[in-house]
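Thanks for making time this morning. Let me put the sequence and the model on the screen before I say anything about them.

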Amino acid sequence: MVKNIIKDTEFLQKMAEPATRKDKAVAEDLLDTLKANKAICVGLAANMIGVAKSIIAVQVGKQNIAMLNPQIVKHSDECSEVMEGCLSLLGERPAKRYTWIEVEYKDIKFKPQKQRFSGFTAEVIQHEIDHCNGIII
C-alpha cells in the first residue's frame, strides 16, 4: 500500500528498532511507495512512512529491493562529497559517502544476504541506512 511521506524531523531523528519477520508488510509498503514515487525517488526508509523499523527500499538497476536490518560491514577508504535530496526534506544538502560498500541484510523473505554496491546505488543505501540510525542529511 502506498503511504504518505513523513516530514516530521523529530520523528525522523529517532533510532529505528530492528525489523522482524512480522515486518514484511512494512517492507512491501515501502516498495509500493518507492514505485509510486519513482519519478522523484530512488530510496526510502521505513521511518519516512511513519514506521520506526530498520527497513529500507532501494532502486538497484531496474528493480527495487527491500533490505531489513541493513548493516554496512565493509567500505572503501575513499569518500565522495555529494549533494543529496530527500523526500522528507526541502532542497539538497552536502553529504560525504563511501564510494563502495558491502551490506549485510535480510531480504523480504528474511533470508540473509550480502552484497557489494558502488557509485550512486551505494550513496542511496548509505543515505537510507542513515535514516534508520536517526541521521538526517
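I will go through one helix, then the nonpolar core, and then a few individual side chains.

A word on conventions: this is a predicted model, in which local features need pLDDT of at least 70 and side-chain atom pairs count only at pLDDT 80 or more, while totals for chains, interfaces and linings use all residues. Residues are numbered from 1 along each chain as its sequence is written, and side-chain values use heavy atoms, with hydrogens and water left out.

Let me begin with helix 3, residues 119-132, where helices are DSSP runs of H or I with at least four residues and strands are runs of E with at least two, numbered from the N terminus. The expected span of a helix is 1.5 Å times one less than its number of residues, so the 14 residues of helix 3 should cover 20 Å, and the 21 Å between its end C-alpha atoms agrees with that. Because 12 of those 14 residues are buried, helix 3 is largely enclosed by the rest of the structure; buried here means under 20% relative accessible area, with a 1.4 Å probe and protein chains only. Among the buried residues are Glu123, Glu128 and Asp130, as well as Val124 and Ile125. Just after helix 3, Gly134 adopts a positive phi of about 75°.

How buried is Cys132? Its relative accessibility is 4%, so Cys132 counts as buried. Beyond residues up to four places away in sequence, Cys132 touches Lys14, Met15, Ala16, Lys53, Ser54, Ile55 and Ile56, contact being heavy atoms within 4.5 Å.

That brings us to the core, by which I mean a set of buried Ala, Val, Leu, Ile, Met, Phe, Trp, Tyr and Cys residues joined through side-chain atoms within 4.5 Å. The largest nonpolar core has 35 residues, and Ile55, Ile56, Met67 and Ile125 touch the most other members. Helix 3 gives the most to this core, with 5 residues. Leaving aside neighbours within four places in sequence, Ile55 has contacts that include Val26, Leu30, Leu44, Met67 and Cys132.

Now to the individual side chains. Asn69 sits in strand 3, residues 63-75, and a polar atom of the Asn69 side chain lies 2.7 Å from the backbone nitrogen of Ala19. Finally, Arg116 lies over the face of Trp100, 3.7 Å from the ring centre, the criterion being NZ of Lys or CZ of Arg within 6 Å of the ring centre and within 35 degrees of the ring normal.

Conventions. Buried < 20%, exposed > 50% of the residue type's maximum accessible area, 1.4 Å probe, protein only. Polar contact = N/O pair within 3.5 Å; in protein donor to acceptor, adjacent residues only side chain to side chain.
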